Amino acid sequence: MASARLTSLAALAALLLTPSAALAGKTLDAVKARGEVVCGVNTSAPGFSSADSQGRWQGLDVDTCRAVAAAVLGDAAKVKFVPLNSQQRFAALQAGEIDVLSRNTTWSLTRDASLGIVFTHINYFDGQGFMVPKKLKVDSARKLGGATVCVQAGTTSEKNVADFFAANGQKYKSVVFDTAEAIQSAFFSGRCQAYTTDMSDLAGARTKVARPADWVILPEVISKEPLGPSVRRGDDEWFAIVKWVGYAMLEAEEAGLTQASVDRQKAESKDPVVQRLLGVSEDTGKLLGLDKEWAYRVVKQVGTYGESFDRNLGPGTPSNLPRGANRLWSKGGLMYAPPVR
Ligand SMILES: N[C@@H](CCC(=O)N[C@@H](CS)C(=O)NCC(=O)O)C(=O)O
């Protein structure tokens with residue numbers, strides 16, 4: 001009797017441990033029925049998400065959504081972008097107005113645990129800094145005691161800046177704005193002595209002014225800002241798709257794939273990692289509710305993480321940011337994808 005029960009328990013355990021095709025989640029079903037991924041992005045953060053004069057969106061966060069569309073719908077162009085300011089972003093995701101929030105958003109305990117959303121992965125390791133007018137002749141954030149500081153409502157920046165001055169025993173005067181447009185036009189017209197937000201945001205904002213050299217980004221990084229996409233809680237299948245699309249872009253870079261050569265690599269490579277990732281050998285797609293070539297299409301249509309970084313943020317772009325902590329773990333950085341297998 002006892003041994004019969006043990007046998008059936010073992011059979012049940014074996015069943016549960018055997019990979020099986022994913023159950024399609026309701027977001028995946030809705031996205032397929034609609035024929036597009038609805039993606040919440042920044043209204044204008046050069047390098048992360050901004051629309052050009054023809055209304056075409058580009059940036060690292062934009063590429064995340066295009067990659068999800070390539071994996072899920074077979075076409076990276078099938079994305080509707082919804083620009084959201086800092087305060088609107090979480091409500092839009094909670095209310096089901098967007099499928100993914102991909103908008104320079106910091107992963108923190110409070111947001112992950114209390115907003116009905118979950119972060120899928122980190123696509124940019126950032127930190128908060130300060131920008132000042134060159135004519136202020138300040139070379140360190142520690143010399144900003146008593147300064148007027150522009151900051152945006154509903155951001156981690158607002159809280160970190162309070163911690164920073166409190167920890168240094170200094171006072172400051174914050175001037176809080178609701179939108180990037182308002183804060184940037186205020187700061188660049190002299191309303192505040194300093195502007196504080198993520199370092200990448202500061203670099204992006206500075207690209208918008210006529211004389212970028214008149215504005216200095218101070219060296220201190222006062223916080224950790226791990227930025228990444230998030231999805232609504234309660235749809236594990238969709239969560240897994242967005243997460244593994246992000247990881248596939250990293251794994252593709254690590255495996256030496258490129259957008260331009262992926263077709264040749266697919267036809268010729270004998271590397272088991274490449275064959276698996278591109279769907280030449282195993283079918284990892286069916287475990288996610290996708291097809292065999294999901295990750296191949298991501299690389300073919302959007303590129304690897306490194307290619308997206310270089311195109312949108314790297315040297316040669318207006319943001320001109322070093323890869324820094326966002327290098328692969330194998331190159332001394334923090335970017336590490338669990339194996340796509
Ligand atoms: N990473 C921080 C800051 C993100 C953020 O929203 N930064 C502002 C800085 S200006 C921004 O991007 N605003 C654009 C907008 O509201 O349209 C967070 O998640 O709170």
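**Exercise 1.** In this predicted model, find which residue of β11 stands opposite phenylalanine 130, and state how β8 and β11 pair.

*Solution.*
- Start at phenylalanine 130: threonine 196 in β11 stands opposite.
- Next, take the strands. β8 covers residues 128-133 and pairs with β11 in the antiparallel sense.
- Count the bridges between β8 and β11: there are four.

**Exercise 2.** Work out the strand order of the five-stranded open sheet and name its edge strands.

*Solution.*
- The order reads β10-β9-β11-β8-β12.
- The pairing is mixed.
- Look for strands that pair on one side only: these are β10 (173-177) and β12 (215-217), the edge strands.
- From one strand to the next, the twist averages 30°.

**Exercise 3.** Place helices α6 and α8 against the strands, with their angles.

*Solution.*
- α6 packs on the sheet and touches β8, β9 (148-152), β10 and β11.
- Its direction makes about 150° with that of β9.
- Helix α8, residues 199-206, lies across β8, β11 and β12.
- Relative to β11, α8 runs at about 125°.

**Exercise 4.** Describe the shell around the ligand: its residues, their character and their origin.

*Solution.*
- The ligand is surrounded by 20 residues.
- The closest are Thr43, Asn85, Ser86, Thr155 and Ala180.
- Sort the shell by character: 13 polar, four nonpolar and three charged.
- Then sort by domain. Domain 1 (22-125 + 227-318) and domain 2 (128-223) each give at least three residues.
- Finally, go by element. α6 (156-167), α7 (180-188), β11 (194-198) and β13 (225-227) each supply at least two shell residues.
- Two of these elements have appeared above: α6 packs on the sheet, and β11 pairs with β8.

Definitions and conventions: Residues numbered from 1 in each chain as written. Predicted model: local features only at pLDDT ≥ 70, side-chain atom pairs only at ≥ 80, totals over all residues. Near = placed C-beta within 6 Å. Nonpolar A, V, L, I, M, F, W, Y, C, P; charged D, E, K, R; others polar. Domains from an automatic or database assignment. Pairing = 2+ DSSP bridges. Axes fitted to C-alpha atoms, helices over the stretch in contact; angles between N-to-C directions. Contact = placed C-beta atoms within 7 Å.
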